[in-house]
Amino acid sequence: MNKKFKIKTGDTVIVIAGKDKGKTGNVTSIIKSKDRVIIDGINIVKRHKKATQESPGKIEEREASIHISNVAHIDPENGKATRVKYEFKDDVKRRLSVVSGSLLDK
């Protein structure tokens, strides 16, 4: 089964649900098999690393994944959450904001 998402790597999104609600960031990767995304600076968790002979133990912070339904695109004009619509213009498929109609692609 080939899943298709309207959120792509590199998009600027806003978290609409969960502990980081209201925060924004860029999508660094997408995990299609689990319907999740990893966003830069969002959903920070601590992971404990066991000590080895080469390195001492430490506690490192990193981004955990968040479900794709809990994020939305940011409208470039007003900074609010928006849905995405597609438009063909001159045989080129473009992603547009539903709220303002502005272009989402870079």
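How many salt bridges does the count come to here? The count comes to five, and I will go through three of them this morning, together with the strands around them, keeping in mind throughout that what we are looking at is a predicted model.

Let me start with the sheet. Six strands make up an open sheet, in which the order is 6-3-2-1-7-8 and the pairing is antiparallel. At the edges of this sheet we find strand 6, residues 66–67, and strand 8, residues 81–82, each of which has a pairing partner on one side only. Further inside that order, strand 1 and strand 2, the latter covering residues 24–31, are paired in the antiparallel sense through three bridges, and if you want a place to look, I14 has T24 of strand 2 standing opposite.

Now to the salt bridges, beginning with D20 and K23, whose side chains meet with an N to O distance of 3.1 Å. The two partners sit in unlike surroundings, if we go by their accessibility: D20 counts as buried because its relative accessibility is 9%, under the 20% cut-off, whereas K23, with a relative accessible area of 42%, is partly exposed.

The second pair is E61 with K46, where the closest N and O atoms are 3.9 Å apart. Since E61 belongs to strand 5, residues 58–63, and K46 to strand 4, residues 44–49, this salt bridge ties together parts that lie 15 residues apart in sequence. Here both partners are exposed, E61 at 56% relative accessibility and K46 with a relative accessible area of 53%.

The third pair joins R94 to E87, and the closest N and O atoms in this case are 3.1 Å apart. Both side chains fall into the partly exposed class, R94 with a relative accessible area of 25% and E87 at 29% relative accessibility.

That last pair brings us to strands 9 and 10. Strand 9, residues 84–89, and strand 10, residues 92–97, run antiparallel and are joined by six bridges; within this pairing, F88 has K93 of strand 10 as its bridge partner. What do strand 9 and strand 10 form, and how many residues lie between them? They form a hairpin with two residues between them, and in the turn D90 has a positive phi of about 55°. D90, placed in the loop between the two strands, counts as exposed, because its relative accessibility of 70% is over the 50% cut-off. From there to S102, which is 12 residues away along the chain, the separation of the C-alpha atoms is 17 Å.

Finally, the surface. Which residues form the positive surface patch? The patch consists of K4, K6, K8, K32, R83 and K93, so that K93, which we have just met as the bridge partner of F88, is also one of its members. K4, for its part, is found in the segment before strand 1, which spans residues 12–15, and with 74% relative accessibility it counts as exposed.

To bring the pieces together, the open sheet has strands 6 and 8 at its edges, the hairpin is formed by strands 9 and 10, and the positive patch includes K93 alongside K4. Of the salt bridges, I would point you once more to the one between E61 and K46, as the two residues come from strand 5 and strand 4 respectively.

Definitions and conventions
Residues are numbered from 1 along each chain as its sequence is written. This is a predicted model: local features need pLDDT of at least 70, side-chain atom pairs count only at pLDDT 80 or more; totals for chains, interfaces and linings use all residues. Side-chain values use heavy atoms; hydrogens and water are left out. Patches are made of residues with over 30% relative accessible area and no salt bridge: like charges are joined within 9 Å, nonpolar side chains (Val, Leu, Ile, Met, Phe, Trp, Tyr) within 5 Å. Accessible areas come from the Shrake-Rupley method with a 1.4 Å probe; for residues, only the protein chains shown count as cover. A salt bridge is a side-chain nitrogen of Lys or Arg within 4 Å of a carboxyl oxygen of Asp or Glu. Lys and Arg count as positive and Asp and Glu as negative; His and the chain ends are not counted. The place of a charge is taken as NZ of Lys, CZ of Arg, CG of Asp or CD of Glu. Helices (H or I, at least four residues) and strands (E, at least two) are DSSP runs, numbered from the N terminus. Buried means under 20% relative accessible area, exposed over 50%, partly exposed in between (1.4 Å probe, protein chains only). Two strands pair if DSSP finds at least two bridges between them.
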